[in-house]
Amino acid sequence: MVRDAFYFLIPLSLAASLTIAWQWWALALLLIASAGFVAFFFRDPARVIPEDPNSIVSPADGKVIRLDGLAGGETRLSIFLSVFDVHVNRAPIDGQLVRQVYRRGKFLLAFDDRATLENEQLQVTLRGEREISFSLIAGLVARRIVPWKKVGEQVRRGDRIGLIRFGSRVDIIIPGSCRLNVKMGDRVKGGSSILAFWE
């Protein structure tokens with residue numbers, strides 16, 4: 001479980017203890033259920049990271065909801081994270097974090113295609129032997145994007161790099177020189193599912 005969970009778990013646990021002491025059972029059950037959901041939401045399971053140096057792994061858990069061809073042969077791949085998915089984000093390739101730009105915006109539903117352009121988001125670029133960019137996008141419920149790495153830091157494929165609190169979306173730009181390994185509707189896991197291979 002990531003440490004951000006304790007910002008929610010501590011007050012919920014204290015409130016639950018008080019309601020139990022006061023014998024407000026219905027409210028106590030609600031608070032205990034809420035604490036259980038928070039612990040579930042902020043889980044951070046270990047992942048087996050593919051060893052293939054030509055692999056681009058998923059930066060997030062969720063469902064592939066868009067595959068859009070862009071100018072120059074690139075593909076924008078969009079992953080929707082529901083509140084039931086793991087929300088820890090991971091590095092898709094080895095490299096240095098060379099760009100991290102926070103852009104304010106709206107909080108449209110994360111599966112709305114307008115979210116890519118209009119929602120609040122953190123745009124990240126990693127550069128190693130190759131370069132790749134992706135965006136952590138807030139949604140209607142997700143109001144906080146928490147980066148764990150700074151510009152200049154080196155990361156390995158599958159490393160934890162941040163967290164989006166509650167439902168959200170991640171868009172990644174797959175270069176035209178890559179071969180896609182997923183299709184619309186596929187469910188992927190951050191750090192372990194291979195989205196594409198460099199040719």
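In this predicted model, strand β3 is mostly covered, with five of its seven residues buried. That makes β3 a good place to begin a tour, and its neighbours come next.

**β3 and its partners**

On one side, β3 pairs with strand β2 (residues 62-69) in the antiparallel sense, over six bridges. β3 also pairs with β11, again in the antiparallel sense, and here the count is seven bridges. S78 is a handy landmark for both pairings: R66 stands opposite S78, and in β11 the bridge partner of S78 is D171. The hairpin of β2 and β3 has five residues between the strands, and G72 in this hairpin takes a positive phi near 85 degrees. As general background, strands of a sheet pair through backbone hydrogen bonds, either parallel or antiparallel.

L77 shows how these elements come together at the level of side chains and backbone. Leaving aside residues up to four places away in sequence, L77 touches V64, R66, L67, V170, D171, I172, I174, L180, V182 and L195.

**The nonpolar cores**

Which residues have the most contacts inside the largest nonpolar core? They are I56, L77, L126 and I172, in a core of 29 residues. Six elements are listed as giving two or more residues to this core: β3 (75-81), β6 (121-127), β7 (131-138), β10 (160-164), β11 (168-174) and β14 (194-198). The largest share comes from β7, which supplies four residues. A second core, separate from this one, has 13 residues, including V2, L12, L31 and F41. In soluble globular proteins, nonpolar side chains tend to be buried together.

**A three-stranded open sheet**

β10 also belongs to an open sheet of three strands, in the order β4-β10-β8 and with antiparallel pairing. The edges are formed by β4 (88-90) and β8 (145-147), each of which pairs on one side only. From one strand to the next, the twist averages 25 degrees. β8 and β10 are joined in the antiparallel sense over three bridges, and P147 stands opposite G162 in β10.

**Salt bridges**

How many salt bridges does a search of the whole structure find? The total is 11. Three of the pairs are set out here with their N to O distances.

| Residue 1 | Residue 2 | N to O distance |
|---|---|---|
| R66 | D68 | 2.9 Å |
| D85 | R187 | 2.5 Å |
| E199 | R179 | 3.5 Å |

The R66 and D68 pair brings us back to the residue that faces S78 across the hairpin strands. R66 counts as partly exposed because its relative accessibility is 28%. D68 is likewise partly exposed, at 21% relative accessibility; the cut-off for buried is under 20%.

The salt bridge between D85 and R187 links distant parts of the chain: D85 lies in the loop between β3 and β4, R187 lies in strand β13 (residues 187-188), and 102 residues separate them. Are these two partners buried or exposed? D85 counts as buried because its relative accessibility is 9%, whereas R187 is exposed, with a relative accessible area of 54%.

E199 and R179 also meet through their side chains. E199 lies in the segment after β14 and R179 in strand β12 (residues 178-180), so this pair ties together parts that are 20 residues apart in sequence. E199 is exposed, at a relative accessible area of 66%, while R179 counts as partly exposed, at 40% relative accessibility.

There is also a network of salt bridges, which links D44, R90 and R160. In general terms, side chains of opposite charge can pair when their charged atoms come close.

**R47 and its surroundings**

R90 turns up once more among the contacts of R47. Where does R47 lie? R47 is in the loop between α2 (25-41) and β1 (55-57). The R47 side chain makes a polar contact with the side chain of D61, at 2.9 Å. The same side chain of R47 reaches the backbone oxygen of G190 at 3.0 Å. Setting aside residues up to four places away in sequence, R47 touches D61, V86, R90, K189, G190 and S192.

Definitions and conventions: Residues are numbered from 1 along each chain as its sequence is written. This is a predicted model: local features need pLDDT of at least 70, side-chain atom pairs count only at pLDDT 80 or more; totals for chains, interfaces and linings use all residues. Side-chain values use heavy atoms; hydrogens and water are left out. A polar contact is a pair of N or O atoms within 3.5 Å; within protein, one must be able to donate a hydrogen and the other to accept it, and residues adjacent in sequence count only if both atoms are side-chain atoms. Contact means heavy atoms within 4.5 Å. A nonpolar core is a set of buried Ala, Val, Leu, Ile, Met, Phe, Trp, Tyr and Cys residues joined through side-chain atoms within 4.5 Å. Buried means under 20% relative accessible area, exposed over 50%, partly exposed in between (1.4 Å probe, protein chains only). Two strands pair if DSSP finds at least two bridges between them. Axes are lines fitted to C-alpha atoms, for helices over the stretch in contact, and angles run from 0 to 180 degrees between N-to-C directions. A salt bridge is a side-chain nitrogen of Lys or Arg within 4 Å of a carboxyl oxygen of Asp or Glu.
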